[in-house]
There are 2 protein chains.
Amino acid sequence: MAMVRRGNREERCSVTRERILDTAIGLFSTRGYSGATTREIAQQAGVAEVTLFRHFASKENLLEAVISHYSAIPGLKSFLPRALEMPYEQALIGMADLFLDTLFQLRDWIRIMHAEVQRSPDKLITIYHSFLDELFEIFASYFRELQKRGTLRDFDPDLGARVFHGMFYSFFNMEELLGRRDYRPTDRARAVREFVSLFIHGTLAMRDSR
Amino acid sequence: MAMVRRGNREERCSVTRERILDTAIGLFSTRGYSGATTREIAQQAGVAEVTLFRHFASKENLLEAVISHYSAIPGLKSFLPRALEMPYEQALIGMADLFLDTLFQLRDWIRIMHAEVQRSPDKLITIYHSFLDELFEIFASYFRELQKRGTLRDFDPDLGARVFHGMFYSFFNMEELLGRRDYRPTDRARAVREFVSLFIHGTLAMRDSR
DNA sequence: TGCCAATGCAAGTAAGCGCTTGCATCATAT
DNA sequence: ATATGATGCAAGCGCTTACTTGCATTGGCA
């Protein structure tokens, strides 16, 4: 086995830990929690099974570590001030792109959440809900500000956020979570543009030439 | 154990089979395929475990039976001709309601698909993809017809279908799949109305008074 | 009445699971 | 140079799993 041989002791330790976590999130996401075995996780991480249990007290413990380790929310929030300086369409495209990037980065984490939120301790649910709340609030606060400025009409910003989220989440869901990249390999940039356009102008004809 | 005692032989047999299937879809959807045990399925269905294996050659076989047994697509397609006679907004609300009803009916089936599409044989994926294709085609063909009539402007009807689907699918996803009914118990009728309104008119202000 | 098919019950099998123990190795920190 | 701590290896423990076997019961059917 390829033991971690270099570096000082702390580093060696944390590198091993990270390798286990990296492998675990992948296997949990593809096989599910019950379907993934500690033997396979250890083997694929290139460590002995006993090492896995020296780092994590139990399999359940490992799952918790995986979930908290990869739940980091990215720079979507920091994009908001910049978005407010941009033209509406450009800002929405930027937000959509950043949102999709985020989803694709977190896809394994999201898969685990989806699969395990059922049989799960409240811990998972709480984490997932706060993740979603944060997400929605980013979108909603953007819409709220533009409504204050008079750029947007008077719709419910929270429901607007859900619509915006829904369009792109289900796109991601279809492209990534459903397992096959070769199913409807829709051009992402084109989809984003068309989605944003529909979100901005709606579907009705006869109001201007666009 | 409450054996099935009445009815002729065929009926008795198919009733038992159905009871096993009913229990299985519930347990597969909450615990996942690996997490659900044949013991518990049999017990909860009120039959001996050995009876389960007399009806289904293996656990995998039972999963396949569950999936094909509950995959029926409902009356959304038959709504289309009627929708074409309605005013646009009313038709969209009707389609959205029917779509949501369908999703809530199929929620266990959908959960299983989501969880097992990963480690799965191509069978599952194929079934799920054709389910989605059928769904999208219903929406897209409706938009295509209205574009032909000049009611709708010239957007890509397939992407429009995905947006329409996405709004409501992610609503369903949040209300039902994420495990907790008490999270954002959004009023469904209001959400449908607002979603449809956004889909029709977009978000921009300053074009008419609505 | 007598056969038969659907089911139950009890016991068991082989394999795999999460997890533990005891001991050896070896690079680093002192 | 020695102690230490992270790791590997091999074996195994107790338990659960999917699945099987043999036999008894029961109700429908000829």
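Tutor: Before we look at charges, note that Lys and Arg count as positive and Asp and Glu as negative, while His and the chain ends are not counted; note also that this is a predicted model.

Student: With that convention, how far apart are the mean positions of the positive and negative charges of chain A?

Tutor: Chain A carries 29 positive and 28 negative charges. Taking the mean position of each set, the separation between the two comes to 6 Å.

Student: How many helices and how many strands make up the secondary structure of chain A?

Tutor: Read from the N terminus on, the elements of chain A run α-α-α-α-α-α-α-α-α-α. The count for chain A is therefore ten helices and zero strands, where a helix needs at least four residues and a strand at least two.

Student: What is the radius of gyration of chain A, set against that of a compact globule of 210 residues?

Tutor: Along the principal axes, the C-alpha atoms of chain A fill a box of roughly 70 × 35 × 35 Å. A compact globule of 210 residues would have a radius of gyration near 17 Å, whereas the value for chain A is 21 Å.

Student: Which relation holds between chain A and chain B, given the rotation that superposes them?

Tutor: Chain B is superposed on chain A, with an RMSD of 0.1 Å, by a rotation of 180° and a shift of 0.0 Å along the axis. That is the relation of a two-fold axis.

Student: Which residue of chain B has the C-alpha nearest that axis?

Tutor: The C-alpha in question lies 1.8 Å from the axis. Within chain B, the residue it belongs to is Gly202(B).

Methods
Residues numbered from 1 in each chain as written. Chains lettered and ligands numbered in written order. Predicted model: local features only at pLDDT ≥ 70, side-chain atom pairs only at ≥ 80, totals over all residues. Heavy atoms only, no water. Rg over C-alpha atoms; globule rule 2.2 N^0.38 Å. Charge placed at Lys NZ, Arg CZ, Asp CG, Glu CD. Least-squares fit on C-alpha atoms with pLDDT ≥ 70 in both.
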